[in-house]
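Student: Could you take me closely through one buried position in this model and its surroundings, and then show me how the neighbouring parts fit around it?

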Amino acid sequence: MIVEILIVFAIIFAGSFVQGISGFGFGILAMSFMPFFFTVKDSTLLVVALAVLLSFSISVQLRRHIQWRSIGVILLFAVIGRSAGYYILHNFGEMPILRVILGIFLLAVVVYLLVSPKPNADRTKIPMLVPIMMGFFGGIVGGVFGVGGPFFVYFFLMAFPADKYAYTANLQIVFFLTSMQTVFLHSVSGDYTLNILLFILVGVVAVLTGSRIGVHFLQHVSTQQVKKLAAVVVAIAAVNLIIFGGG
């Protein structure tokens, strides 16, 4: 039990550090390894609960950069997507096949991070369909797997191409509000067990320290290098989930 707690602490700390620097990555890194110890349902519930604390911590540190008018549309459709994600996770979250589906999705995210070009940075020409689609799919994937970040990242890179603080702050406030929705729905449904709550308590320290160190290095570390390293780690875990996760 002690070894398992230490491993989970290390996973959460690493994900929190990456999110503090790059604005996202906590869910992707954590969900790459958590399903080896828990079901996808319990993994997502743990990650999303800690994402509330993590995104709140970063949002508070960067609160002066939040632009509420910029998040209205994407937040609305993210809430709709999260509601659909809740239904899927609540009813089918114990199925082993979800580990394989998660592994395939994580591998697709890695490919996207490594080879995709940067989105068009002209924020005056962002079609309305972009926040609608990114919000909905980010919401539903985040609700099922806790890894909807890339969809939101795509939009906020377009909205704030030259302001990394506004990009991170607005990204985090959307994470916070949608994660709160997921935690509330699953809490009302009785999905949170004492075992999950124990690991949430363990993760609190890892989240607070990892995110603060990450934000501290925001000015000194290349986010691209961090993302590439994280992508390699996620790819290895994703392949393992695909090969061994269905059993």
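Tutor: In this predicted model, Thr-44 has 0% relative accessibility and therefore counts as buried, the cut-off being under 20%. Thr-44 is placed in helix 3, which runs over residues 40–61, and a polar atom of the Thr-44 side chain lies 2.9 Å from the backbone oxygen of Val-144. Setting aside neighbours within four places in sequence, Thr-44 is in contact with Gly-142, Gly-143, Val-144, Phe-145 and Gly-146, and also with Met-31 and Leu-89.

Several of these partners can be followed further. The span of residues 135–157, which the unreviewed UniProt entry annotates as a transmembrane region, is 87% helix and 0% strand, with its end C-alpha atoms 14 Å apart. Residues 68–89, another span with that annotation in the entry, are 82% helix and 0% strand, and their end C-alpha atoms lie 29 Å apart. Met-31, for its part, is among the buried residues of helix 2, a helix covering residues 26–33 in which 7 of the 8 residues are buried.

Helix 3 also contributes to the nonpolar interior. The largest nonpolar core has 73 residues, among which Met-34, Leu-46, Val-147 and Phe-156 touch the most other members; the largest share of this core, 11 residues, comes from helix 3. Leu-46, leaving out residues up to four places away in sequence, touches Val-8, Met-34 and Phe-38, as well as Ile-196, Phe-199 and Ile-200.

Conventions: Residues are numbered from 1 along each chain as its sequence is written. This is a predicted model: local features need pLDDT of at least 70, side-chain atom pairs count only at pLDDT 80 or more; totals for chains, interfaces and linings use all residues. Side-chain values use heavy atoms; hydrogens and water are left out. UniProt positions are given in the numbering used here, feature names are shortened, and annotations may be inferred rather than shown by experiment. Helices (H or I, at least four residues) and strands (E, at least two) are DSSP runs, numbered from the N terminus. Buried means under 20% relative accessible area, exposed over 50%, partly exposed in between (1.4 Å probe, protein chains only). A polar contact is a pair of N or O atoms within 3.5 Å; within protein, one must be able to donate a hydrogen and the other to accept it, and residues adjacent in sequence count only if both atoms are side-chain atoms. Contact means heavy atoms within 4.5 Å. A nonpolar core is a set of buried Ala, Val, Leu, Ile, Met, Phe, Trp, Tyr and Cys residues joined through side-chain atoms within 4.5 Å.
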